[in-house]
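Here are a few notes from my read-through of the model, set out as numbered points. Have it open alongside as you go.

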Amino acid sequence: MKSITEDYIWRTGVIIKQTAIKVQSVMFTPPTDPKKPAKVKVSQLCELCHARKAVMRRPKNLQKICKECFFLVFETEIHNTIVSNNLFQKGERIAVGASGGKDSTVLAYVLKLLNERYNYGVEIVLLSIDEGIVGYRDDSLATVKRNQIQYNLPLEIVSYKELYDWTMDEIVACAGIRNSCTYCGVFRRQALDRGAEKLNIHHVVTGHNADDMAETVLMNILRGDVARLEKSTAIITQSAGSPIKRSKPFKYSYQKEIVLYAHYKKLDYFSTECSYAPEAFRGTARELMKNLEAIRPSCIIDIIHSGETLKLKPKKVKRAPPLKHIEVRSDGSVSLQNEFIDGNRCERCGYLSSNRICKACMLLEGLAQNRAKLELENYAELSSGAAKLTRTLEKLSF
Ligand code: SF4
Ligand SMILES: [Zn+2]
Ligand SMILES: [Zn+2]
């Protein structure tokens, strides 16, 4: 029976047809008699080494290559991204945002490998966030704990419950599923920073890949969100005044190649999706990008390149009106209003924020208001139920 990954590869046509049919014999059977090697058609040979049989078409450029050459080009491209962007400094401690998923698992594995191969001289720590999503995050954290042992790397886990006194399950129960990713994204960003601070680490690397980046560019174009569009292709990001920077060594790595790498290297990763639906609009942008990629694989890199070279008109400096209130809509979503001052500290939690009150605290306030409203409604429902019961009992004669 084919595994899930093989199914995925088969469906998306990553492996060339002939190889996919005879995958067992072509990929893994060495020639029985070395003096009499099996005849291989030139068209089946790897286009890079011209010595081994090709087992795949490389998703990035459709080149027919062997497994060994694929490992080498995939790792070397990431190394080149790291070096050309000067991502790491000798002696630096870096935290890999580890979720147990394919991207962060491959990231931790490849960074450890490249650090040893090219002597970057960095110390790698795994940093995981426990959002509190039963049946999803608890299982994926079990994978991270196994990775910690497999790769012999230290691990730190920070939970939403300990930081905010809310789990994502509680947030969804209170505010509904529609905005779950908005809450989760804001809380995770801060949680990663807080976790890194706790470890005295000032650099967090994340597994965002080329597909994620192209999707973000596309989404911001479709929304006309030029403020975000400008920053969406940066490989290193850092808020003014914040000691913690973030980087994306997989900025140019295709998602399909990450899956192939994890598959051929037999890495242990968790592949279940979060039980809360991803942002609807991001899903639409993803779908659009997948369709474009099927016609022209280079479009992922092309979209990133367009985002990188895009020049926006200089902005007019405008003072934002002061923050009056936080709007909690009837569906439980919260309207975040900007009062942009870089390098501030949040008046409530003391965390670095570009606003007077940080986004996490604003969302927490919205949640508290929602919870109070819900409790009131529940109480009203209970009281009316109790009054009804009393009236019924009064009518009864024994
Ligand atoms: S899908 Fe949304 S709710 Fe689930 S982990 Fe991702 S951001 Fe959080
Ligand atoms: Zn080769
Ligand atoms: Zn705050």
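**Ligand shell, a helix pair and one loop residue**

1. Let's start at ligand 1: nine residues surround it, and those that come nearest are Ser-180, Cys-181, Cys-184, Cys-274 and Tyr-276. Keep in mind that this is a predicted model.

2. Which helix gives the shell around ligand 1 its largest share? That's helix 9, with four residues. Sorted by class, the shell comes out as six nonpolar residues, two polar and one charged.

3. Helix 9 (residues 180–198) also pairs up with helix 8 (residues 168–175): their axes come within 10 Å and cross at roughly 140°. Angles over 145 degrees would count as roughly antiparallel, so helix 8 and helix 9 are classed as oblique to each other. The crossing of the two is right-handed.

4. Who makes that contact? On the helix 8 side you'll find Met-168, Ile-171, Val-172 and Ala-175, and on the helix 9 side Ser-180, Tyr-183 and Cys-184. By class, the contact has six nonpolar residues and one polar, with no charged ones. Note that Ser-180 and Cys-184 turn up here and also among the residues that come nearest to ligand 1.

5. Last, have a look at Glu-273, which sits in the loop between helix 12 (255–264) and helix 13 (280–295). Is Glu-273 buried or exposed? It counts as exposed, because it has 9 C-beta neighbours inside 10 Å, and the cut-off for exposed is 12 or fewer. Glu-273 and Gly-101 are 172 residues apart in sequence, yet their C-alpha atoms are 9.2 Å apart in space.

Technical notes
Residues numbered from 1 in each chain as written. Chains lettered and ligands numbered in written order. Predicted model: local features only at pLDDT ≥ 70, side-chain atom pairs only at ≥ 80, totals over all residues. Axes fitted to C-alpha atoms, helices over the stretch in contact; angles between N-to-C directions. Parallel < 35°, antiparallel > 145°, perpendicular 65-115°, else oblique. Left-handed = near helix turned anticlockwise from the far one by under 90°. Contact = placed C-beta atoms within 7 Å. Nonpolar A, V, L, I, M, F, W, Y, C, P; charged D, E, K, R; others polar. Near = placed C-beta within 6 Å. Buried ≥ 20, exposed ≤ 12 C-beta atoms within 10 Å, placed from the backbone.
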